[in-house]
Amino acid sequence: MTEATIVADRDIYRSDADRRPGVVGTLREIGTDLWRFRDLLYQMTRRDIRIRYKQAIMGFGWAIFMPLMVIMAGVLIRIAMAQVSGSPLDRSHIAGLAVKSLPWSFFVGAIGFGVNSLTGNMNLVSKIYFPREVMPLSATLAQLFDTSISALFLIVILPFLGVRFTTGLFWVPVILLLLVTFTGATALLLSCANLFFRDVKYIVQVLLTFGIFFTPVIFEPMMLGQLGAKLIMLNPLAPLLEGMRISVVLGHNLLEPLSELNHHGVMVLVWTPWYLAYSAVWAIGGLALAATLFHRLENVFAEYI
């Protein structure tokens with residue numbers, strides 16, 4: 001290869017890089033493509049749901065099974081903790097556990113299916129043109145369908161756990177929107193990474209298995225003390241789960257701080273609006289960065305199938 005050819009190739013590469021749109025332009029392209037292929041997104045989501053329940057003995061009962069198992073395991077752990085500490089376990093604790101188990105189960109299920117969404121559809125990815133973002137996003141939406149079934153069950157049992165209608169419930173759609181956004185961003189990023197590095201799915205399985213111990217699902221952050229509560233809330237999911245519990249069970253306005261006494265009589269900051277802003281930055285910023293990276297790499301996906 002002559003020096004003139006190298007220079008020409010370098011100039012062509014630079015010209016292509018110059019024409020490459022920025023983050024805003026890339027996001028606009030993604031939005032346009034997804035709108036054009038919205039019917040495909042709907043059909044892929046429908047297909048994922050039908051495959052999940054095809055020839056299943058329990059049917060839609062599987063949508064309730066995982067959150068129910070999380071609740072039962074959490075209740076047993078909380079009973080053991082109550083026996084050791086000598087503090088009572090009341091209905092509000094169980095209600096908080098039930099409320100947080102739902103978004104956690106959604107996240108785990110969506111990521112579990114989403115990480116394999118590209119490698120599990122190799123024929124489509126390598127042969128047919130469509131925005132590849134459809135794959136992980138359809139897995140996320142299919143899991144959202146499961147979660148909606150679980151939510152109906154949760155709505156029925158919460159009044160028996162002492163939860164009443166308050167204005168705090170108006171925060172639920174905001175939290176759910178951020179949760180779906182963050183989950184979609186994570187699914188996009190991990191499905192792309194798993195295509196290039198096939199052991200990513202195993203790493204994700206380990207993280208999802210033990211992640212419940214680093215996310216306030218079966219416990220409240222205040223149990224860890226002032227410093228521990230702040231550290232655990234660095235997990236982007238933690239403010240969303242705690243915000244759900246505080247708004248639904250306690251009826252608290254998430255725009256106002258909240259402090260509670262722990263078992264040692266120490267006042268611990270349970271909630272601050274900055275926690276919600278922190279998760280919002282992770283959700284919105286993460287989706288923008290993950291979608292941009294995914295979109296710019298999808299042209300070489302077929303080479304790694």
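Two residues are in contact when heavy atoms of theirs lie within 4.5 Å. Keep that in mind for the opening view. Among the contacts in this chain with a separation of 6 or more, 77% join residues 24 or more positions apart. The model is a predicted one.

**Stop 1: the whole chain**

Show the chain as a cartoon. It has 305 residues, and 45% of them count as buried. Colour by secondary structure. You should find twelve helices and two strands. Now follow the chain from its start. The order reads α-α-α-α-α-α-α-α-α-α-α-β-β-α.

**Stop 2: helices H5 and H8**

Select residues 91-114, which form H5. Add residues 172-196, which form H8. How do H5 and H8 lie relative to each other? Their axes come within 9 Å and cross at roughly 25°. Angles under 35 degrees count as roughly parallel, so H5 and H8 are roughly parallel to each other. Their crossing is right-handed.

Show side chains where the two helices meet. H5 supplies Pro103, Phe106, Phe107, Ala110, Ile111 and Gly114. On the H8 side, pick Leu179, Val180, Phe182, Thr183, Thr186, Ala187, Leu190 and Ser191.

**Stop 3: helices H7 and H8**

Keep H8 on screen. Add H7, residues 134-157. The axes of H7 and H8 come within 9 Å and cross at roughly 140°. That makes H7 and H8 oblique to each other. The crossing is right-handed.

Select Pro136, Leu137, Thr140 and Leu144 in H7. They meet Val180, Thr183, Gly184, Ala187, Leu188 and Ser191 in H8.

**Stop 4: Gly114**

Zoom in on Gly114, in helix H5. Is Gly114 buried or exposed? Its relative accessibility is 0%, so it counts as buried. What does Gly114 touch beyond its sequence neighbours? Leaving out residues up to four places away in sequence, its contacts are Pro136, Ala139, Ala187 and Ser191.

Now draw a distance from Gly114 to Met135. Their C-alpha atoms are 7.5 Å apart, while the two residues are 21 residues apart in sequence.

**Stop 5: Ser105**

Stay on H5 and select Ser105. Its relative accessible area is 5%, so Ser105 is buried. Show its contacts, again leaving out residues up to four places away in sequence: Met66, Pro67, Val70 and Gln143. Which distance separates the C-alpha atoms of Ser105 and Met66? It is 6.6 Å, for residues 39 apart along the chain.

**Stop 6: Arg78**

Move to helix H4, residues 61-85, and select Arg78. Is Arg78 buried or exposed? Arg78 has 6% relative accessibility. Buried means under 20%, so Arg78 counts as buried.

Light up what Arg78 touches. Not counting residues up to four places away in sequence, the contacts are Leu89, His93, Ile218, Phe219, Glu220 and Met223.

**Stop 7: a loop residue**

Next, find the loop between H7 and H8 and select Leu169. Leu169 is partly exposed, with a relative accessible area of 26%. Where along the chain are its contacts? Leu169 touches Ser247 and Val248, not counting residues up to four places away in sequence. Check Leu169 against Val248: their C-alpha atoms are 5.4 Å apart in space, with their positions 79 residues apart in sequence.

**Stop 8: aromatic rings**

Now show the rings as sticks. How many aromatic pairs does the whole structure hold? A search finds five. One of them is Trp271 with Tyr275. Their ring centres are 5.8 Å apart, with 75° between the planes, and the pair is edge-to-face. Trp271 has 0% relative accessibility, so it counts as buried. Tyr275 is buried too, with a relative accessible area of 12%.

Then select Trp104, Phe107 and Phe182 together. These three form one aromatic cluster. You have met Phe107 of H5 and Phe182 of H8 already, in the contact between those helices.

**Stop 9: charges over rings**

Finish with two arginines. Select Arg38 and Trp35. The charged end of Arg38 sits over the ring of Trp35, 4.0 Å from the ring's centre. Then select Arg132 and Phe130. Here the charged end of Arg132 sits over the Phe130 ring, 4.7 Å from its centre.

Note on methods:
Residues are numbered from 1 along each chain as its sequence is written. This is a predicted model: local features need pLDDT of at least 70, side-chain atom pairs count only at pLDDT 80 or more; totals for chains, interfaces and linings use all residues. Side-chain values use heavy atoms; hydrogens and water are left out. Rings of Phe, Tyr and Trp (its six-membered ring) pair if their centres lie within 6.5 Å; planes under 30 degrees apart count as stacked, over 60 as edge-to-face and the rest as tilted. Buried means under 20% relative accessible area, exposed over 50%, partly exposed in between (1.4 Å probe, protein chains only). A charge sits over a ring if NZ of Lys or CZ of Arg is within 6 Å of the ring centre and within 35 degrees of the ring normal. Axes are lines fitted to C-alpha atoms, for helices over the stretch in contact, and angles run from 0 to 180 degrees between N-to-C directions. Helices (H or I, at least four residues) and strands (E, at least two) are DSSP runs, numbered from the N terminus. Angles under 35 degrees count as roughly parallel, over 145 as roughly antiparallel, 65 to 115 as roughly perpendicular and the rest as oblique. A crossing is left-handed if the near helix is turned anticlockwise from the far one by less than a right angle, and right-handed if clockwise.
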